[in-house]
Amino acid sequence: MTPAASDQTTDQIPAQQQQPPGLTDEMRPRPDHGEQSYRGDGRLTGKRALITGGDSGIGRAVAIAFAREGADVAINYLEEEEVDAAETASWVERAGRRAVRLPGDLTEVNTCRQLVDDAVSALGGLDILVNNAGFHLTKGDSGTLEGLDPETVERVVKTNVWATLWLCQAALPHLGEGSAIINTSSIQAYEPSGSLLDYAATKSAINSITVNLAQQLGAKGIRVNAVAPGPIWTPLQPATRSADEVEGFGADSPLGRPGQPAEVAPAFVFLAAESTASYVSGSILGVTGGKATF
């Protein structure tokens, strides 16, 4: 656990709200992405990674960790998140690695395909794909059966499920022996909240996709796994929840607090590195503060 994360308590998170997609600088308190705490030891030296949703939150923490482990990193994000993306890129560059910024809306299949092409061109190849971008909305009754609307559900499904499929498909010709695909699942796949009907369903789908692709791609030497975070303090929370929901966020975890992005990133490093996870594929690794992922 990082020092900043160990000091985090739920009563430090006041009621607050942003408009999607949300920005880091507007959060109170500011999340810990491992900027001051993560220390790498070369486990990803020479690797080239594409991280979606890489501008902030878990994506930023993973980008920092990968860079400090020796990987060059391309990050995808929405154009509205350019400020966050620039900061993430600066941390990657400070680690002495190449940072490539690739904005684009992953709800469009052609954007997914172009994103992979651009990442491969900029990095000179691709070894690791992290499908981290995600979206949900719980303000009001938007995540309940009565409150579902087609536009929001379409965005949730396209961002969380479709993009995962199309990015994996586009990346496959560039991946080979020793490559890794890591998807971001959620505790919602195991303990779905009543107000996250559509989102929880997409995370269950991601688990299924992960296991299925592990079976399909194992013969190629490509490992496919997922990380299932619990309540993690990222811009997605104040951007997609009501202010009342944000207050005390994470208090229902057995550890009694939300997790920090810096506490999730090591799971991605573990799964990406051949030195630690060469025989790990088709697994869902929970980082949930004690919530069960089975």
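The following paragraphs lead through a predicted model, from its nonpolar cores to two buried lysines and its aromatic residues.

The largest nonpolar core is a suitable place to begin. This core has 33 residues, and Phe 66, Val 227 and Phe 268 touch the most other members. Several elements each supply at least two residues to this core: strands E1, E2 (72-77) and E4 (128-131), together with helices H2 (57-68), H3 (82-94) and H9 (261-272). Beyond its neighbours within four places in sequence, Phe 66 is in contact with ten residues that can be listed by position: Leu 44, Ala 49, Ile 51, Ala 71, Val 73, Ile 128, Val 130, Phe 268, Val 269 and Ala 272. A second core of 29 residues is separate, and its members include Ala 119, Cys 168, Leu 213 and Leu 217.

Attention now turns to Lys 47, which is placed in the loop between helix H1 (3-6) and strand E1 (48-52). Is Lys 47 buried or exposed? Its relative accessible area is 18%, and because buried means under 20%, Lys 47 counts as buried. Once neighbours within four places in sequence are set aside, the residues in contact with Lys 47 are Gly 70, Ala 71, Asp 72, Asp 127, Ile 128, Gly 178 and Glu 274. Between Lys 47 and Ala 74 there are 11 Å from C-alpha to C-alpha, with a separation of 27 residues in sequence.

Another lysine, Lys 291, is found in the segment after strand E7 (284-287). Lys 291 has a relative accessibility of 15% and is therefore buried, the limit being under 20%. The side chain of Lys 291 makes a polar contact, at 3.3 Å, with the side chain of Asp 252. With neighbours within four places left out, Lys 291 is in contact with Asp 252 and also with Ile 187, Glu 191, Pro 231, Ser 253 and Pro 254.

The aromatic residues remain. A search of the whole structure finds one aromatic pair. Trp 233 and Phe 249 form this pair, which is tilted, with 6.1 Å centre to centre and 40 degrees between the planes. The pair links distant parts of the chain, 16 residues apart: Trp 233 belongs to the loop between strand E6 (223-229) and helix H7 (236-240), and Phe 249 to the loop between helix H8 (243-246) and H9. Both Trp 233 and Phe 249 are buried.

Two arginines also lie over tryptophan rings. Arg 94 is over the face of Trp 91, at 3.8 Å from the ring centre, while Arg 113 is over the face of Trp 166, at 5.6 Å from the ring centre.

Terms used. Residues numbered from 1 in each chain as written. Predicted model: local features only at pLDDT ≥ 70, side-chain atom pairs only at ≥ 80, totals over all residues. Heavy atoms only, no water. Helix = DSSP H or I, 4+ residues; strand = E, 2+ residues; numbered from the N terminus. Buried < 20%, exposed > 50% of the residue type's maximum accessible area, 1.4 Å probe, protein only. Contact = heavy atoms within 4.5 Å. Core = buried A, V, L, I, M, F, W, Y, C linked by side-chain atoms within 4.5 Å. Polar contact = N/O pair within 3.5 Å; in protein donor to acceptor, adjacent residues only side chain to side chain. Phe/Tyr/Trp six-rings, centres within 6.5 Å; stacked < 30°, edge-to-face > 60°. Lys NZ or Arg CZ within 6 Å of the ring centre and 35° of its normal.
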